Number of protein chains: 2
Amino acid sequence: MAKKAVSLSERELMEKGHLYYLRHLSIDNVIFGFHDNELKVLLLQWKESGRWCLPGGFILHDESVEDAAIRILQSRTGLRDIYLNQFHTFGDPQRDRGNHGIQQPKWMKTKSWFMERFITIGYWALVDFSQVVPKPDEFSSNCTWWDVEKVPELILDHNAILTRALQSLRSNLNEYPVGKDLLPQKFTMPELQRLYETILGKPLDRRNFQKKILSMDLVDRLAERKTGGAHKAPYLYRFNQRKYERAMKQGLKFGLD
Amino acid sequence: MAKKAVSLSERELMEKGHLYYLRHLSIDNVIFGFHDNELKVLLLQWKESGRWCLPGGFILHDESVEDAAIRILQSRTGLRDIYLNQFHTFGDPQRDRGNHGIQQPKWMKTKSWFMERFITIGYWALVDFSQVVPKPDEFSSNCTWWDVEKVPELILDHNAILTRALQSLRSNLNEYPVGKDLLPQKFTMPELQRLYETILGKPLDRRNFQKKILSMDLVDRLAERKTGGAHKAPYLYRFNQRKYERAMKQGLKFGLD
């Protein structure tokens, strides 16, 4: 069960955050958004410095890491009910704010826990960005979708975390089905192919793609065809609910099964 | 660069380990061993309690998580030069020794950092178990290969960590090549198939397997055939060094490429 978030001012967080949160540990969420053949990532902008970052935060002393990731995402961006995939833990010993050009406020006389080394646990999710309304928290002036190819320089090693999350998202395409919440209920093979191409960031061969998708045995071809286009009307497909859910649990294993 | 291990007695570790190591954080290594169609896992037995566990340990304050995993593996089992794959970080809030039937020694008056909650970062490796000689550290009476299907009850949640590592090892078969250090330089298709079957823990269809392997484009068929068997002599294959190394870096992506 998710723990209640503690509400600390920036000053309280610096001075005594470690009384509430585990030292040396943080979570960073990489939220990818797909819609209409565009792949984006959700970023926050710090009020004070104007710099951009991934929505991250800390783990309460009695909270599971998974619950922390969900709570942090909700409290920092307003997004809720999103399934997060843990993909990597980043543990460089130089991974602290001082080494990345961030100083602690002058009024602090002793070194804040906030300035120590942090090992961060990365999570990603993929959502339909037209279906959610991000809302910045009180530390942030903006919470916005960015084109994954046009992301600005982020704080700390957040650009590297994003790159690694994108690799994980892409290799996940071979392991698990994707598309159920990102495409209309009935879709054409070219629409599904464009979803894969957008996530992979490269064109795919049409015939091979269709063969692979059909070999996964996740979509049912409907008797209907899509109408309205200039070309020959393409068939419509629909995910098979039962098979999709099973593959989400067991994986596609479609390499060697 | 790997940091020098600190050498603490059990008493020193309990009393002041947190001066050297990051609190709340540990590493557990799941070392799988393959040889002659057997899959095993390397376990340590505690001298004191006689209970079995994965070879784990802690992260020095100024050490990278990867370096810590390598140092811990070497200091606890004697195994060196082994490539470790990070697969998951385990963060249940009940994950502490007290909740798993382990008490701190009576002579300690205050609660040891050792008894606090630990978030553990899991790594796995796959080695040829006939090529390495495990050696228990001073805390352990044994360091032994166990059949993965016959592992005893381990301390803490180590059985669950092992299960998850096995899942990761198996899904890795779809992403990266395997076999280069586990098979003789020249091998037959049935030998390669048995390697995959042993890791996956189930039989595979011979024709499908051959088709998939050849579609990965990693092995070259040699002009020679294996001799000495009762049946028709099978062809010998060899991994293509260049293609194997490229696939180790880029992944096979053999689902959707």
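**Exercise 1. The interface in numbers**

How many residue pairs are in polar contact between chain B and chain A, counting those with both at pLDDT 80 or more?

*Solution.* This is a predicted model. Start with the polar contacts. Between chain B and chain A there are 13 residue pairs of this kind, both at pLDDT 80 or more. Next, the salt bridges. Their count between chain B and chain A is zero. Then the area. About 2,900 Å² is buried between the two chains. Carbon and sulfur atoms give 57% of that area.

**Exercise 2. Who makes the contact**

Find the elements of chain B that touch chain A, and sort the contact residues by character.

*Solution.* Step one: count. Chain B puts 33 residues into the contact, and chain A puts in 33 residues. Step two: locate. On the side of chain B that touches chain A, two or more residues come from each of α2 (65-77), β5 (85-90), β6 (119-128), α3 (158-175) and α5 (206-216). The largest share is that of α3(B), with four residues. Step three: sort. This side of chain B holds 14 nonpolar, ten polar and nine charged residues.

**Exercise 3. Symmetry**

Work out how chain B is related to chain A.

*Solution.* Superpose first. A turn of 180° with a shift of 0.0 Å along the axis lays chain B on chain A, at an RMSD of 0.0 Å. The two copies are therefore related as by a two-fold rotation axis. Now compare the contact residues. The same surface serves both copies, as 100% of those in chain B recur in chain A.

**Exercise 4. An aromatic pair**

Classify the ring pair A:F58 and A:F118, and place both residues in the chain.

*Solution.* Over all chains there are 28 aromatic pairs. For A:F58 and A:F118, the ring centres lie 5.5 Å apart and the planes stand at 45°, so this pair is tilted. A:F58 sits in the loop between β4 (56-57) and α2 (65-77) of chain A. A:F118 sits in the loop between β5 (85-90) and β6 (119-128) of chain A. The pair therefore ties together parts 60 residues apart in sequence.

**Exercise 5. A salt bridge within chain A**

Which residue forms a salt bridge with A:D217, and where does each partner lie?

*Solution.* The structure holds 23 salt bridges over all chains. A:D217 pairs with A:K243, with the closest N and O atoms 3.1 Å apart. A:D217 is in the loop between α5 (206-216) and β8 (219-225) of chain A. A:K243 is in helix α6 (residues 241-250) of chain A. The two residues are 26 residues apart, and their pair links distant parts of the chain.

Conventions:
Residues are numbered from 1 along each chain as its sequence is written. Chains are lettered from A and ligands numbered from 1 in the order in which they are written. This is a predicted model: local features need pLDDT of at least 70, side-chain atom pairs count only at pLDDT 80 or more; totals for chains, interfaces and linings use all residues. Side-chain values use heavy atoms; hydrogens and water are left out. Copies are superposed by least squares on the C-alpha atoms of residues with pLDDT of at least 70 in both. Contact means heavy atoms within 4.5 Å. Buried area is the accessible area (1.4 Å probe) that two parts lose on being put together, summed over both. A salt bridge is a side-chain nitrogen of Lys or Arg within 4 Å of a carboxyl oxygen of Asp or Glu. A polar contact is a pair of N or O atoms within 3.5 Å; within protein, one must be able to donate a hydrogen and the other to accept it, and residues adjacent in sequence count only if both atoms are side-chain atoms. Ala, Val, Leu, Ile, Met, Phe, Trp, Tyr, Cys and Pro count as nonpolar, Asp, Glu, Lys and Arg as charged, and the others, Gly among them, as polar. Rings of Phe, Tyr and Trp (its six-membered ring) pair if their centres lie within 6.5 Å; planes under 30 degrees apart count as stacked, over 60 as edge-to-face and the rest as tilted.
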